[in-house]
Structure formats: structure tokens, C-alpha cells
Amino acid sequence: MNQQLLANFNKAFESKARLSIMSVLMVNDSLSFNAFKELLGLTDGNLATHLRALEEAGFVSVQKQFIGRKPNTTYSATDTGRQAFTEHLNALEAFIRGI
Amino acid sequence: MHESREHLQTLTEIRSLMERSSKFLSLSGLSGVSAGVVALAGAFVVYTRFRWQTLLPAPYGDRITSQLHGSDRTFLILVAVAVLALALLFGVYFTIRKAHRQGLSVWNNSSRQLVRSMAIPLLTGGIFCLALLSYNLIWLALPSTLIFYGLALVSGSKHTLRDVESLGYCEIGLGLLTLCWPSYSLLAWATGFGLLHIIYGLAMYFKYERNTA
């Protein structure tokens, strides 16, 4: 039974940082790299790695633009990402109920 | 056991992250109180110069409103601008203070959203009321400021404390009600911007801040 439930857990959301990133993107249309950094208190490298992993999984989309001369990168959740995250949360919930 | 507590901790943190990233929660109750005090002072200044009659609508006060000179209008606009500037100044000060105590930045994603969602109704209302004022319709301009301010609060409440929404409805209701009894417009204005702000501010202060202040 538990084995089956665990199958719905999404590896992409395993770390706390990625869970946080996706949660924040669920309630915000888009967020900049700096806003993430301030919110999560992660280092540039660490945050970039997590964001890239989510981007590669197709759960997060990246928009690069310039404000004046400063590059500004914003992130938003894709539809696939929203769906995958919701399923992950449902799996978590089912797992907790099963305990 | 230890591990499950850690997971719970993580969940609490994530929930707070979601809230903090989408809502501006550093709005201080003291900002409301100071805005209310400033508004009451402004209403009193206007009252000492005009008394009630000057602000009556056409059927009752046509004779008097038509005498409203350019200098009176300038005086009204000056008072309004002074009230707005002082209220904003104190409001921003207390909010910055609260944000610093919480260790948060003031100008972030959520505060930008808050300002943006309030700006449209406020700017529209501001221009609309200036137009009313230019036609000497002061009795109509006063409730209009209440109505547009209420709309701005309702629209902004999505990005800050939910309680702001009820304050918005009160302001809109008061503004609409005043349209039926325009002779009380200055009194209603003082109630809406003064009294309601003070009550709301104190309520928020005791609800969210007293323990942390």
C-alpha cells in the first residue's frame, strides 16, 4: 500500500528548498531571482541549482529581461509544474492519512 | 519523533513563505491611527473656516456654494494635500518601523502589488474629485473620496491583511450613505477617514502587534 503511495511522490520536489520554491510560485504569478533569494535566504549558487533543476523538469519557466541595463530574471510555474505539484501534495496528504 | 517535528517545522515555514511572498503583512496598525488623527485635524481645520452651511448641496446651499471663491477652493485643496501627505508620511514611517522589526524589506514583491492594486482606484478617484471640485460640487467630492478610497482598500486587501477589506466596505457604505444626506458630508468624511482609521488601526495593533512591539 505505502509503496504505491510513494510512487506518486515526485523526486523533483524532494528537497525543502524546491518545495518552498514551488509553494511560493503557486501563490505568485511570477517572482524574480532576487525576491527568491530574499525570501528563502539561500545563496546564489544554491538557489540557481534548484531553480535550474525545476526548469529542466519543465515545472518552472524562466523569463529573462532587462530593466534599464540590469538583467532581471523572473520565474513562474508552468501548467505542468502546477499539476505535478498538486499531485505531489495529494500524494503527501494520502501518505499522512495512511499513517 | 524528532524527525516528524522537523517536518512539521518545514511545513510551517513553507506556509509562512507562501503568505509572506504574496501578502504585505508589515502594514502597521499605528499607520491607521496616525492617518485617522491627521484626517480629524484636517476636517476640523476645514470646519472652522466654512462651518456646515458652505458645504451644503445645491437645493439648500446654492447661494452659499456659488460664493465659494477661488481662494476657498485653493484652501480646500491645500488642506486635502496636507492631510494626504502627513497621513502617508506617518503611515509609511510606522510601516517601515514594523517591517524592520520583523526583519523584512519594505519595498518587495508584495508591497509593489499592494501599491499597484490600490493606485488605479485612487488615481481615478483623485482626478474625479478634482473635477467635482472645479464645478464647486464639494458636497459631492467629500463622499466620493470615501467611495474611491474604499474601492482602493477592497482591491488592495488581496495583497495585505484581510481585515483591510472590511474597512474598505465600511468606507464605501459610508460614502454612499452620505449621498442621501449630503449636509453631513464633512462629518461623514471625518468619520470615514478619521474615526474608522483610528478604530481599525487600534484593532489591528492589538490583534497583531502588541505582543511583538
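Here are a few worked exercises on this predicted model.

The ground rules: residues are numbered from 1 along each chain as its sequence is written, with chains lettered from A and ligands numbered from 1 in written order. Local features need pLDDT of at least 70, side-chain atom pairs count only at pLDDT 80 or more, totals for chains, interfaces and linings use all residues, and side-chain values use heavy atoms, with hydrogens and water left out.

**Exercise 1. Work out which helix of chain B has the lowest mean pLDDT and which the highest.**

Step 1: pLDDT is the predictor's confidence in each residue, from 0 to 100. Chain B averages 86, and 89% of the residues score at least 70.

Step 2: go through the elements, where helices (H or I, at least four residues) and strands (E, at least two) are DSSP runs numbered from the N terminus. Chain B has eight helices and zero strands.

Step 3: compare the means. Helix H3 (residues 58-65) of chain B is lowest at 47, while helix H7 (residues 163-180) of chain B is highest at 95.

Step 4: look at the weak stretch. Residues 58-64 of chain B stay under 50 in pLDDT, and the model has five contacts for them beyond four places in sequence; a contact means heavy atoms within 4.5 Å. Where pLDDT is low, the predicted coordinates should not be read in detail.

**Exercise 2. Find out where Ser28(B) lies and what it is in contact with.**

Step 1: place the residue. Ser28(B) lies in the loop between helix H1 (2-22) and helix H2 (29-50) of chain B.

Step 2: check its cover. Buried means under 20% relative accessible area, exposed over 50%, and partly exposed in between (1.4 Å probe, protein chains only). Ser28(B) has 5%, so it counts as buried.

Step 3: list the partners. Setting aside neighbours within four places in sequence, Ser28(B) is in contact with Phe94(B), Thr95(B), Lys98(B) and Glu209(B).

Step 4: add the local detail. A polar atom of the Ser28(B) side chain sits 3.1 Å from the backbone nitrogen of Leu30(B).

**Exercise 3. Take three salt bridges and describe the residues that form them.**

Step 1: side chains of opposite charge can pair when their charged atoms come close. The cut-off here is a side-chain nitrogen of Lys or Arg within 4 Å of a carboxyl oxygen of Asp or Glu. Over all chains, the search finds six such pairs.

Step 2: start with Asp44(A) and Lys37(A), whose closest N and O atoms are 3.1 Å apart. Asp44(A) is partly exposed because its relative accessibility is 41%, and Lys37(A) is partly exposed at 30%.

Step 3: turn to Glu93(A) and Arg97(A), with closest N and O atoms 2.8 Å apart. They are four residues apart in helix H5 (residues 79-98) of chain A, so about one helical turn separates them. Glu93(A) is partly exposed at 38%, whereas Arg97(A) is exposed at 65%.

Step 4: finish with Asp163(B) and Lys207(B), where the closest N and O atoms are 2.7 Å apart. This pair links distant parts of the chain, 44 residues apart: Asp163(B) is in helix H7 of chain B and Lys207(B) in helix H8 (residues 185-209) of chain B. Asp163(B) is buried, with 16% relative accessible area.

Conventions
Polar contact = N/O pair within 3.5 Å; in protein donor to acceptor, adjacent residues only side chain to side chain.
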